[in-house]
Amino acid sequence: MVSRGKGGGAEQGGGSRKLTVKLRTAKGRKTASTRWLQRQLNDPYVEEAKRRGYRSRAAFKLIEMDDKHRFLRPGMIVLDLGAAPGGWSQIAAERVGAVEGRGQVLAVDLAAIEPLPGVEVLTLDVSAENAAAAIRAGLKGGHADAVLSDMASPATGHRATDHLRVVALVEAALDLAEDVLKPGGTFLAKVFQGGAGGELVTRLKRSFAKVSHVKPKASRKESPEVYVLATGFRGAK
Ligand code: SAM
């Protein structure tokens with residue numbers, strides 16, 4: 001059942017009073033999917049993404065991180081890993097000028113990505129044996145100025161398994177970054193709390209001049225996701 005009411009959670013936006021959408025299952029209980037749908041329906045970022053024509057609310061995380069740290073510049077070559085449905089690629093294409101034919105944005109995902117202006121797409125698993133060669137071949141000059149990874153696997157609910165998967169994806173992204181980045185290049189990756197601990201941070205500090213963690217406001221507070229931003233790539237070994 002869907003009910004629309006002016007409950008205590010009503011948001012104020014653009015001067016007009018917004019209604020909070022409340023969902024309940026038939027027995028009045030909230031299942032995980034009901035909670036997800038209710039959150040989506042009441043999320044200002046979801047609404048704003050729709051208004052601006054962005055493919056995902058995740059677009060705002062990249063906007064925020066780049067506004068603060070300025071790692072996307074006109075003419076850059078950007079590799080976007082785990083890019084579907086394409087929100088980050090849209091922002092990267094705007095900021096490097098790929099929409100006007102400057103720089104390049106190469107979007108990679110297991111899932112298909114509908115065509116986007118200024119974005120080239122490769123559908124593949126980054127852990128596949130041929131992934132590095134296919135990506136190098138897709139990048140202009142075989143190199144990138146920035147490698148972004150928002151990759152995530154669906155959670156299994158089994159903590160140890162989920163943690164291993166997260167670490168494996170970050171490592172795969174970092175392997176690719178170390179392979180294709182130009183000296184001075186930037187690596188930004190979703191790591192989840194605890195994901196960029198110990199060995200990964202040591203490895204990042206060896207390869208990059210500066211390593212920091214970032215949690216954009218658009219990232220839900222209750223989500224364990226954080227991003228690691230590494231700048232000043234020291235060059236391939
Ligand atoms: N940044 C995207 C945006 O703004 O639209 C959202 C990315 S979504 C949170 C995570 C993506 O990682 C999913 O589309 C998933 O298919 C992709 N992914 C997970 N494992 C992958 C892998 N091994 N190779 C390529 N993509 C992968």
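A cavity is a set of grid points where a 1.4 Å probe fits but cannot get out, and its lining residues have an atom within 4 Å of a point. The exercises below apply this to a predicted model.

**Exercise 1. Determine how many cavities of 30 Å³ or more there are, and describe the lining of the largest cavity.**

Solution.
Step 1. The count comes to one cavity of 30 Å³ or more.
Step 2. The space in the largest cavity is about 50 Å³.
Step 3. Its lining consists of Ser-149, Met-151, Ala-152, Val-166, Leu-169, Val-170, Ala-173, Ala-189, Lys-190 and Phe-192.
Step 4. Two elements give two or more residues to this lining, namely helix H6 (159-180) and strand E9 (181-190). The largest share, four residues, is that of H6.
Step 5. Sorted by class, the lining of the largest cavity holds eight nonpolar residues, one polar and one charged.

**Exercise 2. Identify what takes up the space of the largest pocket, then describe the lining of that pocket.**

Solution.
Step 1. The largest pocket is the space taken by the ligand.
Step 2. About 940 Å³ of space lies in this pocket. It is lined by 36 residues, of which Lys-61, Asp-150, Ala-152, Lys-190 and Glu-225 are the closest to its centre.
Step 3. Helix H1 (32-41), helix H4 (87-96) and strand E6 (104-109) are the elements that give two or more residues to the lining of the largest pocket. H1 gives the most, with three residues.
Step 4. By class, this lining divides into 16 nonpolar, nine polar and eleven charged residues.

**Exercise 3. State which residues come nearest to the ligand, and find polar contacts that the ligand makes.**

Solution.
Step 1. There are 19 residues around the ligand, and those that come nearest are Ser-56, Trp-88, Asp-109, Asp-125 and Asp-150.
Step 2. The class of each residue in this shell is considered next: eleven are nonpolar, four are polar and four are charged.
Step 3. A polar contact requires a pair of N or O atoms within 3.5 Å. In the side chain of Asp-109, an N or O atom is 2.6 Å from an oxygen atom of the ligand. For Gly-87, a backbone N or O atom lies 3.0 Å from a ligand oxygen atom. A nitrogen atom of the ligand lies 2.8 Å from a polar side-chain atom of Asp-150.
Step 4. On its own the ligand has 610 Å² of accessible area, and the protein covers 84% of this.

**Exercise 4. Describe what is found at each end of helix H2 (residues 44-52).**

Solution.
Step 1. At the N-terminal end, Asp-43 acts as the cap of H2. One of its side-chain oxygens lies 2.7 Å from the backbone nitrogen of Tyr-45.
Step 2. After H2 comes Gly-53, which has a positive phi near 80°.

**Exercise 5. Locate the cis peptide bond between Ala-84 and Pro-85, and the residue Arg-70 with its positive phi.**

Solution.
Step 1. The bond that joins Ala-84 and Pro-85 is cis, with omega about 0°. Pro-85 has its place in the loop between strand E5 (77-81) and H4.
Step 2. Arg-70 is a residue other than glycine, yet its phi is positive, near 50°. The loop between helix H3 (59-69) and E5 contains Arg-70.
Step 3. Taken together, E5 borders both loops: the one with Arg-70 and the one with Pro-85.

Key:
Residues numbered from 1 in each chain as written. Predicted model: local features only at pLDDT ≥ 70, side-chain atom pairs only at ≥ 80, totals over all residues. Heavy atoms only, no water. Polar contact = N/O pair within 3.5 Å; in protein donor to acceptor, adjacent residues only side chain to side chain. Near = heavy atom within 4 Å. Areas by Shrake-Rupley, 256 points an atom, 1.4 Å probe, with all protein chains shown as cover. 1 Å grid on protein atoms, 1.4 Å probe; cavity = no way out; pocket = protein on both sides within 12 Å on 5 of 7 lines; lining within 4 Å. Sits in = over half its atoms within 2 Å of the grid points. Nonpolar A, V, L, I, M, F, W, Y, C, P; charged D, E, K, R; others polar. Points joined across faces, edges and corners; volume = space filled by probe spheres on them.
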